[in-house]
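Let's walk through this model together, one piece at a time. Have the coordinates open as you read.

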Amino acid sequence: MLGLMREKRIVIYMPDALVDALNRVTAVSPRSRSEIISAAVERYLAEAANPAAEPASPDEAFFDRVAEMMQSGLLQPGDFSDRATEAPRPKSKLWIN
């Protein structure tokens, strides 16, 4: 971490699925949510300072991050709803008899 220094309380907004995943991991981890989030922010800042280590495309970065979150237990396959259950789209042509 960045060392011992004063702490500040901040408010952040996250999707419900991410908060639920974070709570699941925190329940079985010796670290608090604040410690986990602080470590993630520090890691993000360290990676941002070293642009040579970034993947070649935004798609690769996204899939690498999702894979990393699944390996760490932050994301589970059922965390997000399946869009395949949506109603079928209406036909694009109007037929008149």
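Start in the core: the buried residues of α1 pack against α2 and α3, with contact meaning heavy atoms within 4.5 Å. Those buried residues are Ala 17, Ala 21, Leu 22, Val 25 and Thr 26, where buried is under 20% relative accessible area with a 1.4 Å probe, counting protein chains only. Generally, an α-helix has 3.6 residues a turn, so residues three or four places apart point the same way.

A word on provenance: this is a predicted model, where local features need pLDDT of at least 70 and side-chain atom pairs count only at pLDDT 80 or more, while totals for chains, interfaces and linings use all residues. Residues are numbered from 1 along each chain as its sequence is written, and side-chain values use heavy atoms, with hydrogens and water left out.

Zooming out, the chain has 3 helices and 0 strands, taken as DSSP runs numbered from the N terminus (helices are H or I, at least four residues; strands are E, at least two). Buried residues are 11% of the chain's 97 residues.

How sure is the predictor? The chain's average pLDDT (confidence per residue, from 0 to 100) is 75, and 68% of the residues score at least 70. Confidence is highest in α1 (residues 16-28), at 88, and lowest in α3, at a mean of 78.

Now α3, residues 58-72: its 15 residues should span 21 Å at 1.5 Å a residue, and its end C-alpha atoms are indeed 21 Å apart. The expected span is 1.5 Å times one less than the number of residues. After α3 comes Gly 73, with a positive phi near 90°.

Notes. pLDDT = per-residue confidence, 0-100. Buried < 20%, exposed > 50% of the residue type's maximum accessible area, 1.4 Å probe, protein only.
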